[in-house]
Amino acid sequence: MGPVAHSSLSPIDASDFVRLSGASEAQISALETFRELLTDWNQRMNLVGPATLPDFWGRHAWDSAQLISLAPEARTWADLGAGAGLPGLVLAILGQGREGFHVHLVESMAKRCRFLAEVVGALDLPATIHNDRAENLRLDVDIVTARACAPLTRLLGYAKPYLDRGAEGLFLKGQDVAAEVEEARAAWRFESEQIPSASDPRGRILRVRSQVHARRS
């Protein structure tokens, strides 16, 4: 079953997520474990806004899962500023068992890496955690992604090493993405496409398919 568009802002539950994503019973069970761990750890550190947790299945799980349909053949992913594991942990759960599927979770804050490590270990996910700054790594991946990581001007700087090595960028952005793109073009030369979000009609996914070059001053 392929992904189905969902444009309502009303919360969705696990059964809605199955209808939208085609997730299996095992994947729903793993996502439920992730939700429980996220809720627990969020009481001790700022991973996501507490008010967003009741809408975990729509605001977090489906928002992340929709990326699979935009790159169905991708096997290797890098999630920059992985923090709460969104979208990286969701992608690892949905990709578990697929040959060659692997997610690199890149996070500079050690305490957030401890959270990511607990979820990866509990679910035996196909993921590697990198406690480092994104721009310091040279990873060969099919897709580089990020959610709530940084404004686009800075995010392109973080993603440049991955894009230069052939990755495609899929960045989850909000309703102000057009302004971010305009501002980023003052610093970078790049080609991009804005794709409406399947989880929130106000959101956009920015696809960057070309290498990024700094503009000469």
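With which side chain does the side chain of Gln-66 make a polar contact? The views below come from a predicted model, and the first of them gives the partner as Ser-197, at 3.2 Å.

**View 1. Polar contacts of the Gln-66 side chain.** Gln-66 lies in helix 3, which covers residues 56–70. The side chain of Gln-66 makes a polar contact with the side chain of Ser-197 at 3.2 Å. The side chain of Gln-66 also reaches the backbone oxygen of Asp-63, at 3.0 Å.

**View 2. Surroundings of Gln-66.** Gln-66 has a relative accessibility of 3%. Buried means under 20%, so Gln-66 counts as buried. When neighbours within four places in sequence are left aside, Gln-66 is in contact with Leu-172, Ser-197, Ala-198, Ser-199 and Ile-205. Ser-197 is thus listed among these contacts and is also the partner in the side-chain polar contact of View 1.

**View 3. Crossing of helix 2 and helix 4.** Helix 2 spans residues 25–42 and helix 4 spans residues 88–95. Their axes come within 9 Å and cross at roughly 155°. Angles over 145 degrees count as roughly antiparallel, and helix 2 and helix 4 are therefore roughly antiparallel to each other. The crossing of helix 2 and helix 4 is right-handed.

**View 4. Residues in the contact of helix 2 with helix 4.** Helix 2 contributes Gln-27, Ala-30, Leu-31 and Phe-34. Helix 4 contributes Leu-89, Val-90, Ile-93 and Leu-94. Of the residues in this contact, seven are nonpolar, one is polar and none is charged.

Notes: Residues numbered from 1 in each chain as written. Predicted model: local features only at pLDDT ≥ 70, side-chain atom pairs only at ≥ 80, totals over all residues. Heavy atoms only, no water. Helix = DSSP H or I, 4+ residues; strand = E, 2+ residues; numbered from the N terminus. Buried < 20%, exposed > 50% of the residue type's maximum accessible area, 1.4 Å probe, protein only. Polar contact = N/O pair within 3.5 Å; in protein donor to acceptor, adjacent residues only side chain to side chain. Contact = heavy atoms within 4.5 Å. Axes fitted to C-alpha atoms, helices over the stretch in contact; angles between N-to-C directions. Parallel < 35°, antiparallel > 145°, perpendicular 65-115°, else oblique. Left-handed = near helix turned anticlockwise from the far one by under 90°. Nonpolar A, V, L, I, M, F, W, Y, C, P; charged D, E, K, R; others polar.
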